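Colleague: I would like a close look at a single part of this model, and then a connected account that sets this part against its surroundings. Please take your time over the details.

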Amino acid sequence: MRERDPRNGIKELLGGSAVAKIPFLPQILAHPAWLAAFLLDGGVPNLENIVIPGKGPMPLMDVTAALASAVVTWEDLRWLRQVWPGPIVVKGVLTGDDAKRAVEEGAAAVVVSNHGGRQLDGVSSSLRALPEVVAAIGDQAEVLMDGGVRRGSDIVKAISLGARAVLVGRAYAYGLAAAGQAGVARALEILRDDVERTLRLLGCPSTSLLNASYVDVPASWRWKASP
């Protein structure tokens, strides 16, 4: 349950009832420029990347119910591997056993991610799970990581622990919201400068030379195969 959504009235604002929106009118009318831009842009968008046969793109309000009724299994990944000839990346892997299973089912890469802790807030952090996943699949597939990345030093830590690359979606989204394309460029520049600064302070000349010796982690983070 994303508590800020009920607090902000997401259900009422995105729903079809005009009466339910009345308590929010003062806030809406207090931002006329935003309201005009929102309406000119088409209002509440549909999810164009999710097409329901016979109906078209899924309405945004239907996402919660659709997710609640969705069940994804390893058989689905096997089916995707059969119908899609290109590389498949499986995101949301947090254990070595799941990483190995994903590779066995045809994944070219896995993303170690807890989805920002937005789904299950007590789950392991991505960085905590990263060494286990790397140890489990070795060089059989690429290992990427996201979650909790706020500084260039976070990127250096992840690469040191075996990540091939680090995803920085939230950082660029903040830049995009603040200043559009220029904001994205600036966010990436900040991260790049911090990566380079961290490497200099570590005495490491290149990200390609980073390894686990640069990060001290408990032995319990390492992978132990299930019996």
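In which loop is the place of P85?

Modeller: Please keep in mind throughout that this is a predicted model. P85 sits in the loop that runs between helix α7 (74-83) and strand β3 (89-93). Its relative accessible area is 78%, and because exposed means over 50%, P85 counts as exposed. A useful point of reference is E142, which is 57 residues away from P85 in sequence, while the two C-alpha atoms are 17 Å apart in space.

The strand that follows this loop, β3, offers a way into the rest of the fold. K91 lies in β3 and is joined to D146, which belongs to the loop between β5 (142-145) and α10 (152-160), so that this pair, 55 residues apart, links distant parts of the chain. The contact is a salt bridge in which the closest N and O atoms are 3.2 Å apart. Its two partners differ in their surroundings: K91 is partly exposed at 44% relative accessibility, whereas D146 is buried, with a relative accessible area of 12%. In general, side chains of opposite charge can pair when their charged atoms come close.

Further along the chain, helix α10 holds a salt bridge of its own, between K157 and D154, with an N to O distance of 3.9 Å. Both residues lie in α10, three residues apart, which is about one turn of the helix. Here too one partner is partly exposed, K157 having 36% relative accessibility, while D154, at 17%, counts as buried because the limit for that class is under 20%.

The charged residues on the other side of the loop, in sequence terms, also deserve attention. E75, R78, R101 and E105 are linked in a network of salt bridges. One of the contacts between these residues joins the side chains of R101 and E105 at 3.1 Å, N to O. R101 is partly exposed at 29% relative accessibility, and E105 is buried, with a relative accessible area of 12%. The count of salt bridges in the model comes to eight.

A backbone detail worth inspecting is found at H115, in the loop between β4 (109-112) and α9 (126-137). Most residues other than glycine have a negative phi. H115, however, is a residue other than glycine whose phi is positive, near 55 degrees. With 33% relative accessibility, H115 counts as partly exposed.

Turning to the open spaces of the model, the largest pocket has a volume of about 740 Å³. It is lined by 15 residues, and those that lie nearest its centre are R2, D5, V63, T64 and L67. Helices α1 (4-8), α2 (10-14) and α6 (63-69) are the elements that give two or more residues to this lining, and α6 gives the most, with four. By class, the lining of the largest pocket divides into nine nonpolar, two polar and four charged residues.

The second largest pocket holds about 470 Å³ of space. Of the 16 residues that line the second largest pocket, L13, I28, W34, L35 and F38 are the closest to its centre. Helices α2, α3, α4 and α5 (32-40) each supply at least two residues of this lining, with the largest share, four residues, coming from α5. The lining of the second largest pocket has twelve nonpolar, three polar and one charged residues.

Outside the pockets, there is a nonpolar patch on the surface of about 400 Å², made by V19, I22, L25 and L29. Of these, I22 is found in the loop between α3 (18-21) and α4 (25-29).

To place these parts within the whole, the secondary structure of the protein chain comes to eleven helices and six strands. The C-alpha atoms fill a box of roughly 60 × 45 × 35 Å, taken along the principal axes, and buried residues make up 28% of the 227 residues in the chain. Against that background, P85 is an exposed residue in the loop that leads from α7 to β3, and β3 is the strand from which K91 reaches D146 in a salt bridge.

Terms used
Residues are numbered from 1 along each chain as its sequence is written. This is a predicted model: local features need pLDDT of at least 70, side-chain atom pairs count only at pLDDT 80 or more; totals for chains, interfaces and linings use all residues. Side-chain values use heavy atoms; hydrogens and water are left out. Patches are made of residues with over 30% relative accessible area and no salt bridge: like charges are joined within 9 Å, nonpolar side chains (Val, Leu, Ile, Met, Phe, Trp, Tyr) within 5 Å. Accessible areas come from the Shrake-Rupley method with a 1.4 Å probe; for residues, only the protein chains shown count as cover. A salt bridge is a side-chain nitrogen of Lys or Arg within 4 Å of a carboxyl oxygen of Asp or Glu. Buried means under 20% relative accessible area, exposed over 50%, partly exposed in between (1.4 Å probe, protein chains only). On a 1 Å grid over the protein atoms alone, a cavity is a set of points where a 1.4 Å probe fits but cannot get out, and a pocket is an open set with protein on both sides within 12 Å along at least five of seven lines; lining residues have an atom within 4 Å of a point. Grid points are joined across faces, edges and corners, and a volume is the space filled by probe spheres set on the points. Ala, Val, Leu, Ile, Met, Phe, Trp, Tyr, Cys and Pro count as nonpolar, Asp, Glu, Lys and Arg as charged, and the others, Gly among them, as polar.
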